Amino acid sequence: MYASFWKRLLAYCLDLIVVWLIFFVLESVFYRIRGIYAQYLLNQGASIEDLNHVIYFDISKNVALILILIICWLYFALMESSGRQATWGKKWVGLIVVNERYERLRFGKASKRFWSKMLSSLILCMGYIMVFFTQYRQSLHDKIAKTYVVNPKQLQEYLAARDASLDAGMQSVKAVKAL
């Protein structure tokens with residue numbers, strides 16, 4: 001039921017492709033808008049020298065890193081807290097993210113899970129390697145956020161079996177109380 005390290009890694013690699021595509025689309029839009037603005041200024045009579053600040057204006061590396069971080073946060077937190085319960089990469093691999101009650105995450109918990117990934121990345125990514133050694137295949141950020149990455153079909157089977165045993169137990173309690 002709990003996702004293996006390799007499935008999770010594949011899903012993460014697919015997600016990185018999606019996030020980079022989103023970033024490159026936004027970057028292309030930015031450059032297109034900059035070009036339209038420069039053309040507008042030229043049409044208004046600005047000289048090439050006056051356009052240097054527009055032509056040479058570029059997203060600095062720091063701004064780009066902050067934008068990528070915000071895009072990643074929103075992508076992971078919004079997707080994992082949505083009704084899909086998974087990013088595109090996780091969905092393609094057949095995984096979802098759930099809370100400790102095996103329910104959909106709220107945005108706050110999904111955000112906590114995302115920001116905790118920074119801790120998982122420290123010291124040679126040992127927080128991610130924990131998946132190999134924990135009972136429920138949780139990484140450090142899953143333990144911090146109290147989440148699990150699971151196969152949805154196996155989860156449904158587990159929940160159905162659990163509910164059936166709870167119902168059987170309740171029937172036994174009712175039978176004992178009736179005596």
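Let us begin with Arg137, which is partly exposed at a relative accessible area of 36%; here buried means under 20%, exposed over 50% and partly exposed in between, with a 1.4 Å probe and protein chains only. The model is predicted, so local features need pLDDT of at least 70 and side-chain atom pairs count only at pLDDT 80 or more, while totals for chains, interfaces and linings use all residues. Residues are numbered from 1 along each chain as its sequence is written, and side-chain values use heavy atoms, leaving out hydrogens and water.

**Exercise 1. Find where Arg137 sits and what its backbone does.**

Step 1: Look for Arg137 in the loop between α5 and α6. Helices (H or I, at least four residues) and strands (E, at least two) are DSSP runs, numbered from the N terminus.

Step 2: Read the backbone angle. Arg137 is not a glycine, yet its phi is positive, at about 55°.

**Exercise 2. Describe Tyr102 in the same way, and then look at Arg106.**

Step 1: Go to the loop between β1 (96-99) and α5 (107-129), where Tyr102 lies.

Step 2: Check the angle. The phi of Tyr102 is positive, about 60°, although Tyr102 is not a glycine.

Step 3: Check the cover. Tyr102 counts as buried because its relative accessibility is 14%.

Step 4: Move along to Arg106, in the loop between β1 and α5. With 70% relative accessibility, Arg106 counts as exposed.

Step 5: Now take a distance. Arg106 and Ala77 are 29 residues apart along the chain, and their C-alpha atoms are separated by 8.7 Å.

**Exercise 3. Write down the order of helices and strands, then describe the overall dimensions.**

Step 1: Count the elements. You should find 7 helices and 2 strands in the protein chain.

Step 2: Follow the sequence from start to end. The pattern reads α-α-α-α-β-α-α-β-α.

Step 3: Picture a box along the principal axes. The C-alpha atoms fill roughly 95 × 35 × 25 Å.

Step 4: Compare with a globule. The chain has a radius of gyration of 24 Å, whereas a compact globule of 179 residues would have one near 16 Å. This radius is taken over C-alpha atoms, and the globule rule is 2.2 Å times the number of residues to the power 0.38.

**Exercise 4. Summarise the burial, contacts and charges of the whole chain.**

Step 1: Start with burial. Of the 179 residues, 33% are buried.

Step 2: Turn to contacts (heavy atoms within 4.5 Å). Among contacts with a separation of 6 or more, 66% come from residues 24 or more positions apart.

Step 3: Add the charges. There are 22 positive and 12 negative side chains, and the centres of the two sets lie 9 Å apart. Lys and Arg count as positive, Asp and Glu as negative, with His and the chain ends not counted; each charge is placed at NZ of Lys, CZ of Arg, CG of Asp or CD of Glu.

**Exercise 5. Explain why Cys72 has no disulfide partner, and compare the cover of Cys72 with that of Cys125.**

Step 1: Count the disulfides, each a pair of cysteine sulfur atoms within 2.5 Å. The structure holds 0.

Step 2: Find the closest candidate. For the sulfur of Cys72, the closest cysteine sulfur is that of Cys13, and no bond is possible because the gap is 13 Å, too far.

Step 3: Repeat for Cys125. Cys125 is in no disulfide either, and its nearest cysteine sulfur, also in Cys13, is 12 Å away.

Step 4: Check the cover. Cys72 is buried at a relative accessible area of 13%, whereas Cys125 is partly exposed at 35% relative accessibility.

**Exercise 6. Identify the surroundings of two buried residues, Gln85 and Ala145.**

Step 1: Place Gln85 in the loop between α3 (61-80) and α4 (88-93). Its relative accessible area is 15%, so Gln85 counts as buried.

Step 2: List what Gln85 touches, not counting residues up to four places away in sequence: Met79, Glu80, Ile96, Val97, Val98, Glu103 and Arg104.

Step 3: Place Ala145 in helix α6 (residues 140-145). Ala145 is buried, with a relative accessible area of 0%.

Step 4: List the contacts of Ala145. Leaving aside neighbours within four places in sequence, they are Lys109, Lys112 and Arg113.
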